[in-house]
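Student: Could we go through this one together? I'd like to hear the reasoning behind the labels.

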2 protein chains.
Amino acid sequence: MTRQAILDAAKKLLWLQGFESMSPRDVMDESGAGQGSLYHHFRSKKELAAAALDDIEGELTEKARNAFGSGRAPLLRIRTYLMQARDGLKGCRLGRLANERAVLDDGELRARLDRYFRTVIGLLADALAEARRDGALPKRINVDDLATLLLASVQGGFVLSRATQDAAAVTRATRGAWALLSGLAAEVKK
Amino acid sequence: MTRQAILDAAKKLLWLQGFESMSPRDVMDESGAGQGSLYHHFRSKKELAAAALDDIEGELTEKARNAFGSGRAPLLRIRTYLMQARDGLKGCRLGRLANERAVLDDGELRARLDRYFRTVIGLLADALAEARRDGALPKRINVDDLATLLLASVQGGFVLSRATQDAAAVTRATRGAWALLSGLAAEVKK
DNA sequence: GTCTATAGCTCGATAGAC
DNA sequence: GTCTATCGAGCTATAGAC
């Protein structure tokens, strides 16, 4: 289906180039579809991007839920999420858009990023709260602060990987986050 | 001086809009200078941006060095850096450019981000190594991983603040990072 | 549904007078 | 050093035939 080819091209280009840099021309070249098809299936570049971001948000949310979905101990679920393989040079498909004016200034587009990040922070916060309740983490921890930090380690790691063109930076960041968190868990065990 | 007004306008717009969204027209409007002046003082938009980024890199580097410059214990220097006041909605003046294709694909422009981030990671790594040597942190810590994580907490916090339009997210992230790090330090003291 | 042609605009940059 | 006029290209989008 032509519509799907256009959507797939947009998803790819949003990752590679971002929203502002992605022109309808680029989408046509990437998908093989003509201009008539593009504007037949989507009213505007923004509407195309919104549809693509819906897909991307769904895929990333599902991936995150899978990492947290296993029935094991909450800290191990967090570990699984943090240690997922990531291509630092490509960046997060949603996080990389968080600094584009055209995305932030448009409530429709920003809503996709907003929802995804709040979902992941929620998953992290629930697991942290469960670990604390089970006695695997000290009672004094601030769940919201730690959940935000853990997601920030991923997103910030991507920023550093891209800025320094060092694919391993994101892995160092998440490994550092896990080292600190598991250090806190070990403290309780004693 | 007109040149300085143009430079100041560019620095402001790079922060507000980023490089790709900042047009020569915008710089003219913001600075009050005419097109003739702009292209008299700077050969191109890219050269203007490079000069502006030099300034910004210098200012941010100095600010970071100041946070680490006090003569106190290394962990307290890290705390000072992490707990600096930050406007989450505005983002990091350099980090916010790390996802722009036009910046990443140009070695000249990316070099400014690269140098700044490596400098801050170096400051963090030195302080962490000193703390470990002094017995304030366990011997087993990986200095590079932790230094990367701490900077990622700032950069990732900015991403989350902007994506969710929640100015406090960056503060939660850095507070979470400090909570984990100081937890590790407390462990050694026992 | 898809094509080609074209609109109206802004982009980054240059020319040449003053 | 600064001005105004203008360039060629690419942008997002629409028109209208097939």
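Tutor: Sure, let's take the labels in turn, bearing in mind that this is a predicted model.

Student: What makes the two copies related as by a two-fold rotation axis?

Tutor: Chain B can be laid on chain A by a turn of 180° with a shift of 0.0 Å along the axis, and the RMSD is 0.0 Å. The two copies are thus related as by a two-fold rotation axis. In chain B, Gly156(B) has the C-alpha nearest that axis, 1.8 Å from it.

Student: How do you know that the same surface serves both copies?

Tutor: Residues are in contact if their C-beta atoms lie within 7 Å, and 98% of the contact residues of chain B recur in chain A.

Student: Why are α5(A) and α9(A) called roughly antiparallel?

Tutor: Their axes come within 10 Å and cross at roughly 170°. Angles over 145 degrees count as roughly antiparallel, so α5(A) and α9(A) earn that name.

Student: And which residues meet there?

Tutor: From α5(A) you have Leu75(A), Arg79(A) and Leu82(A); they meet Thr174(A), Ala177(A), Trp178(A) and Ala185(A) in α9(A). By class that contact has five nonpolar, one polar and one charged residues.

Student: What makes a residue count as near DNA strand C?

Tutor: Its C-beta atom has to lie within 6 Å of the strand. There are 16 residues around DNA strand C, and among those that come nearest are Gly34(A), His40(A) and Ser23(B). α3(A) gives the most to this surface, with four residues.

Student: How do the residues of that surface divide by class?

Tutor: Three are nonpolar, 10 polar and three charged.

Terms used
Residues are numbered from 1 along each chain as its sequence is written. Chains are lettered from A and ligands numbered from 1 in the order in which they are written. This is a predicted model: local features need pLDDT of at least 70, side-chain atom pairs count only at pLDDT 80 or more; totals for chains, interfaces and linings use all residues. Copies are superposed by least squares on the C-alpha atoms of residues with pLDDT of at least 70 in both. Two residues are in contact if their C-beta atoms, placed from the backbone, lie within 7 Å. Helices (H or I, at least four residues) and strands (E, at least two) are DSSP runs, numbered from the N terminus. Ala, Val, Leu, Ile, Met, Phe, Trp, Tyr, Cys and Pro count as nonpolar, Asp, Glu, Lys and Arg as charged, and the others, Gly among them, as polar. Axes are lines fitted to C-alpha atoms, for helices over the stretch in contact, and angles run from 0 to 180 degrees between N-to-C directions. Angles under 35 degrees count as roughly parallel, over 145 as roughly antiparallel, 65 to 115 as roughly perpendicular and the rest as oblique.
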